[in-house]
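User: I am new to this structure and would love a close look at the surroundings of the ligand. Could you walk me through that part, and then show me what else is worth a glance?

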Amino acid sequence: MSAPDLSTEFLSLPLANPLMNASGVWCTRVAELEALLDSAAGAMVTKSCTLTRRDGNPEPRYRTLTGPGLAGSLNSMGLPNEGHGYYLDYAAQHDYEQKPLFFSVSGLTLDDNLTIVAAARDAVLPVQLELNLSCPNVPGKAQPAYDFAAMDELVTEVASAYRRPFGVKLPPYFDFAHFDAAAEILNRHDHLAWVTCINSVGNALVIDTANESTVIRPKDGFGGLGGDYVLPIALANVNAFHRRCPGKVIIGCGGVRSGEHVFQHLLAGATLVQVGTALYEEGLGVFSRLNRELARLMESKGYSRIADFQGALRTL
Ligand code: DHB
């Protein structure tokens, strides 16, 4: 048998493989974005941007977690970014032939979001706009996605301002009533073309026993949890929205550090799969390793292309 074909499509755009960075990792500065373009990732996304540049929260604000067999991360970056114009400038000179580019938007207010969305619309670029509804790390700001009325208003206003296909980044939900409520809002918008599940598990607390202290400075140590700890939560959310939003594409994110994890996200219904903590820890070489491991697993199962198993999770 010839080597499995990892190529895929996102909204009719061809990709060499289903992997991309998770927003926030390796995507804040142009030098990082150019390195992502040269990497083995099939697509890429920019750091979530605000209207204007931000320094973010005080350091230490990212911590690598190592435990008994578990790898992960805790972060409270606080949206350090160069401001929306910087990322739109990058988007204006990105090589879309090489790979698709996603533009992540996380304005601090409804008005800020609408200003950024209007700038993106007026730039008329082939960039994929993703509205981040789930930043957990700005002190005093709740996540829109955990307030369904706020989420409905934001998605409705952005949809009518943008008038083109766009996506949303969701936090994890933990109850079927919440999966249902979120999906009902998303399904009312035909222009809402994809859903990225999940952002970090917000407001986790990691404790250093020896020092009897927290491990990051912002928000008294509370931060977004990523890595191994969140994989089953990510798979649940991918599959929950895959089941509830049949017309929409799902992008999986959470806990991916092996080809088997990529396979599980695809099986649960993801079309693309993002890598956050493992990219931060391992660097850009993670993409070629994950592609190699995914291809080897597919070959061992007799699959020659992703469509042979994508979304085909069996239940008992
Ligand atoms: C940050 C973290 C997030 O999870 C997110 O979605 C946006 C921003 C941050 O802390 O910078």
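Analyst: Happy to. The ligand is surrounded by 13 residues, and the closest are Lys47, Gly78, Leu79, Asn132 and Asn199; a residue is near a molecule if one of its heavy atoms lies within 4 Å of it. A word on the source: this is a predicted model, in which local features need pLDDT of at least 70 and side-chain atom pairs count only at pLDDT 80 or more, while totals for chains, interfaces and linings use all residues. Residues are numbered from 1 along each chain as its sequence is written, and side-chain values use heavy atoms, with hydrogens and water left out.

The shell around the ligand consists of five nonpolar, seven polar and one charged residue. Here Ala, Val, Leu, Ile, Met, Phe, Trp, Tyr, Cys and Pro count as nonpolar, Asp, Glu, Lys and Arg as charged, and the others, Gly among them, as polar.

Three asparagines make polar contacts with the ligand (pairs of N or O atoms within 3.5 Å). The side chain of Asn199 places an N or O atom 2.5 Å from a ligand oxygen. For Asn132, a polar side-chain atom is 2.7 Å from an oxygen atom of the ligand, and for Asn137 the distance from a side-chain N or O atom to a ligand oxygen is 2.8 Å. On its own the ligand has 290 Å² of accessible area, and the protein covers 92% of it (Shrake-Rupley method, 1.4 Å probe).

Now to the backbone. The peptide bond between Cys197 and Ile198 is cis, with omega near 10 degrees. Ile198 sits in the loop between β10 (192-197) and β11 (201-205); strands (E, at least two residues) and helices (H or I, at least four) are DSSP runs, numbered from the N terminus. Another cis peptide bond joins Glu59 to Pro60, with omega about 0 degrees, and Pro60 belongs to the loop between β4 (44-45) and β5 (62-66). Ser12, in the loop between β1 (8-10) and β2 (13-15), is not a glycine, yet has a positive phi of about 70 degrees. For background, most residues other than glycine have a negative phi, and most peptide bonds are trans.

Terms used
A polar contact is a pair of N or O atoms within 3.5 Å; within protein, one must be able to donate a hydrogen and the other to accept it, and residues adjacent in sequence count only if both atoms are side-chain atoms.
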